[in-house]
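Reader: I'd like to go through this one by asking how each label was earned. Can you take me through the reasoning?

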Amino acid sequence: MTEQMVQRPPAEVRFADELERLRETDTAPRPPGWALSLAAARRFVVGDDELGVRRKFVGDPSLIDRALVTLATSRGLMLVGEPGTAKSLLSELVAAAVSGDSTLTIQGGAATTEDQIKYSWNYAMLVAEGPSTRSLVPAPLLRGMAEGKVVRFEEITRCPLEVQDSLLSPLSDRVLAVPELIGPDAMVFAREGFNVIATANTRDRGVNEMSAALKRRFNFETVFPIADFATELDLVEAEAAALLERSGVQVPPRRDVLEVLVTTFRELRSGKASDGQAMDRPSTVMSTAEAVSVAHAVGVRGWFLRGEAGSAADIVECLAGTAAKDSADDLTRLRRYLEQQAARRPGPQWKALHAARHLLPGR
Amino acid sequence: MTAPVPVLEDAPENVPGNVAFIGVRHHSPACARLVRRTIAELRPAHVLVEGPADFSHRLDELLLGHGLPVAIYSHHREADRLRSSWSPLCAYSPEWVAITEGRAAGAQVRFIDLPAWHPAFADRRNRYTDAEERYAEVTARLCRKFSVDNGDALWDHLVEIEDDDGLAERLATYFDLVRGETDAGEDDTAREAYMARWIRAAVADAGNRPVVVVTGGFHRPALQRLIAEEGAEEGWPEVPSPPDGATGGSYLVPYSFKRLDAFTGYQSGMPSPEYYQRLWESGPEAAADALTEIVVTRLRQRKQVVSTADLIAARTLTEGLARLRGHRAPARTDLLDGLVAALVGDDLDQPLPWTGHGPLTGGAHPAVVEMVKALSGHRVGRLAAGTPAPPLVHDATAELERHGLDKAGQVTLKLATERGLARSRVLHRLRVLRVPGFERDSGPATGGDPVMEERWTLAPSDDRLPALIEAGAYGASLADAAAAVLDERLAAAGSRVRVLAAVLFDAALCGCADLSGQIVGTLRAGLAAASDLGDLGHVLATVLGLWRHDRLLGTAGSPLFATVIEGSVQRVLWLAEGVRGGPASADLERLHALAATRDALRHAAGPLGLDREAALAVARRVAAATDAPPDLRGAAFGLAWSLGDAGDAARAVRGMSAPGVLGDWLAGLFALARDEVIATEGTSEDPTILAVLDELVAGLAETDFLVALPALRQAFEFFPPREREAIARGLLERRGLRGSPRALLRTTADPALLADAAALEHKASALLAAEGLLPEERPA
């Protein structure tokens, strides 16, 4: 598996050299079963210029502190937040730092079953030999417990409640029973280093339906959209430029166009214009990730349709598809924003955005 | 954390003479400890403290035995502008420790900074506020370097929680770095030059004995530099006196932890005063233990479940965080982070307040709010007996005597006379200051109220004096104090626009309608966040009246009210475009709001620079919006018409001719463009809107007419009787009939009775028809 062939290698492969450097210089005590000390794990996520470790997560460093300390205790870590706030990226980075392995991942969904979480069987062998460790096919949770590693559970709230609750005894008693086996194999005790990072988004179904028993076994950390305009703009610019390059677009995105785009996203997301006017928030998520994808689309349109970097008019065209999706109400909110807010802003790109408002579909 | 603190190469190591400069952060217990230790070790001849120099000779007042926190309240009035500022002191203020320990060590203690009235303090309300914005960039870089969230966490990390060994050097390095990269403004330069003069004089006076200087750390490097230079002046500097014509003074007032706290107070210093009080009293471990207990108690009082397991988890997390961050004992954010991670089992709606900076906003998680409150505490200062009283007490007594209002009983004031207005203003000012014993029984209730007389009941009581002393914190005179209170109420009103309107009207009654420029910003923000069209209309109408006409209260043309008008118009237009909904009966409040907007655009567009074109565009869009409620569409159509864009009225009314919506649409139209409708009646325009309407109503089937009737009646209520008569005349003419139009407007019997009769008749004929007792074809 060479890197060129893989679309997106896991974090521990992408940042293997950084992890290596951190491991070499890491002198602080490590919690049992951890690949790095807490301090080094923190540096891996928030960055360390001296060691040449990139900053990979833009947000409050205290969030990382709390997350790491939680993982070193007996409670699981639950990352909640709006979609597109880099929860999954964060869980991947933390798992890579703590266990050196971020691939023990369960993807939650309506069809997730206990088999996919705990273990299943190789049925041919099961019929031939009966239940044995050979015919047992371990799923991420069993592997994480047996190997002492962090298990990631993505979108946990999208699973049925009874499936979610299968985490209860592994989290509290740190043991997983395999009743089909007999003898010492029937109980898999968690080795040091095992813990669970779950993610849940607040839009889908929220965490309200989670059982209180399971909630109690997690510490909650809410991941927020990026608070600072300049930081978000930089991030969108960097990510969009990288995406555009991969799409074969030969000009970088224009900063002033991105400024208008990011401002629009931030104001709609917070429901508050820069002058303090309160507005309706769209029901779609105006996340940074969405902003990046709009910026990408704007650049692609500009380059392949007209051979330039993309303009404010392209933003309007792309917004209809991403920000408003199929909701007529959101389209109305967007239109109102373009009509009244964009009109009052200074600068040619805002003028262009206002002038292009008729490109929104409908009406 | 083991990252070294960066050191500036050219940091001045030696200071001339025998001066110990202690650069502090205001309200920092660690700095206070350093001050105490330094004074105890050096036994200095002089202790110089950053504080108002004009209060130096009254330091004894501070030592009367008050309950802390107290503040030196300074107010100053120049050219009709009031400025007030506070210099708050609490038990762990380095300045307070310098004063008390300096005195105890037998040193001469002086304040050496410019007085509060000086222009260098023009924008400061709190002398000891953190001026972080001056060096935000450096702080941000250091925060990145140490991986902490903000300047407060950085400060805890570097100073409060670290060992006291080497604290002086650490502080010096920190502030050298901060100052080295930041330009001091003109204000700071003036203050530093003045403070340096005091230090030079003290050094000269002290001979070989040491001098201790306690100032904000930001000033320390500059002061060291200035002292090394030769000073031209000899001897103690003069305390500058205020410019001619300016008045002012300083008094001690009780202060509170709530006002000290950056999470709740305005322009304040370090957050969480209760935490730092306990840190000062008993160290970080004890502070963390005590506050954990307080938080848990508070949460349990609020019926939140906090189990023993949660407490163990919180403790473990706090310890773990402290260790990860390299703290010898849990710091403030370790404690808060540990508590929140263990106790809050939900997603949060907004970031944790201690990861950012500034006041706590609404919508925070209740448990988080309790934590912040517990660390904020609710200690309130108390002045010792015999502390000099503020001048407001004397001013109010004198004003009451001068205007003959110092007795009990009823008074009637004629507002149109100068004396009456002056007396009324005195009473209103006392009323807004909440001084008991002044009740208004009657008087004008809104801006347009044609009432010229006020009745008051005066009832002197024992509560009056304490209330006045408290109100004295707001200002030296009744007018200042009332203006300050109104400022405060305006700021607190936020986006509750009806409250805003009440405050603005009070301001007019008190003769304080020229509130400070700062308030304009607050007011704009409040209006911009308002969400109720009716309320906004109410404000707009009130204020427009006061701005245009009110010569009685003297508010005509007031710039403050102009701001309100501008903000409201903008917001009404924004909100109007967002209203969605099917047919519903006309919302009169909403229509009044649009009517007020029309008046503002008509009468104030020129002087205030309101954007007529933008308003017209909104009106056209709303009028054409099929998903907007009919009354609003009618009103928008009327708004456009009254602004000069008639459109095709006849076509518009035909478009809205369904019986369920016709009346409501007309109500909107008539509310906004009644004059225009009547004006077209006499002209050659054909067909006029009323003619079309006549035709439509005549064409309605019986049941449809009954459906449309109530709303139609309501719509025509907008016409006064004389215009209704003109409409009736047109109706007769159109049918070629003669007769008195007035008779048409009056029914001889109760309409309900007529309706009953018609219904009965209808029922009877239906019955007859059913029984075959009537011919099939009824005569026309």
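Author: Sure, and keep in mind that this is a predicted model. Let's start with strand β1 (residues 76-81) of chain A: 6 of its 6 residues are buried, so the strand is largely enclosed by the rest of the structure.

Reader: What makes a residue of β1(A) count as buried?

Author: The cut-off is 20 or more other C-beta atoms within 10 Å of the residue's own. On one side of β1(A), A:Gly76, A:Met78 and A:Val80 are buried, and on the other side so are A:Leu77, A:Leu79 and A:Gly81. Both faces of the strand are therefore covered.

Reader: How do you know that β1(A) pairs with strand β9 (residues 218-223) of chain A?

Author: Pairing takes at least two bridges between the strands. β1(A) and β9(A) are joined by 6 bridges, so they pair, and they run parallel. One of the partnerships is A:Leu79 with A:Glu221 in β9(A).

Reader: And why is strand β8 (residues 195-201) of chain A called a partner of β1(A)?

Author: By the same test of at least two bridges: here there are 5, in the parallel sense, so β8(A) passes. In this pairing, A:Gly81 stands opposite A:Asn201 of β8(A).

Reader: Let's zoom out. What does chain A hold in the way of helices and strands?

Author: Chain A has 17 helices and 9 strands. Buried residues account for 46% of its 363 residues, and the C-alpha trace spans about 75 × 45 × 40 Å along its principal axes.

Reader: Which domains does chain A have, and what makes them touch?

Author: The assignment gives domain 1 (3-223) and domain 2 (229-359). Their C-alpha centres lie 35 Å apart. Contact means C-beta atoms within 7 Å, and 6 residues from domain 1 of chain A and 7 residues from domain 2 of chain A take part, so the two domains do touch. The domain 1 side has 2 nonpolar, 2 polar and 2 charged residues.

Reader: How many residues does each chain bring to the contact between chain A and chain B?

Author: Chain B gives 28 residues and chain A gives 33. On the chain B side, the elements giving two or more residues are α11 (308-324), α12 (332-343), α19 (517-529) and α21 (559-578). The largest share there, 6 residues, comes from α11(B).

Reader: And what classes do those chain B residues fall into?

Author: The side of chain B that touches chain A divides into 14 nonpolar, 8 polar and 6 charged residues.

Methods:
Residues are numbered from 1 along each chain as its sequence is written. Chains are lettered from A and ligands numbered from 1 in the order in which they are written. This is a predicted model: local features need pLDDT of at least 70, side-chain atom pairs count only at pLDDT 80 or more; totals for chains, interfaces and linings use all residues. Helices (H or I, at least four residues) and strands (E, at least two) are DSSP runs, numbered from the N terminus. A residue is buried if 20 or more other C-beta atoms lie within 10 Å of its own, exposed if 12 or fewer, and partly exposed in between; C-beta atoms are placed from the backbone. Domain bounds come from an automatic or database domain assignment. Ala, Val, Leu, Ile, Met, Phe, Trp, Tyr, Cys and Pro count as nonpolar, Asp, Glu, Lys and Arg as charged, and the others, Gly among them, as polar.
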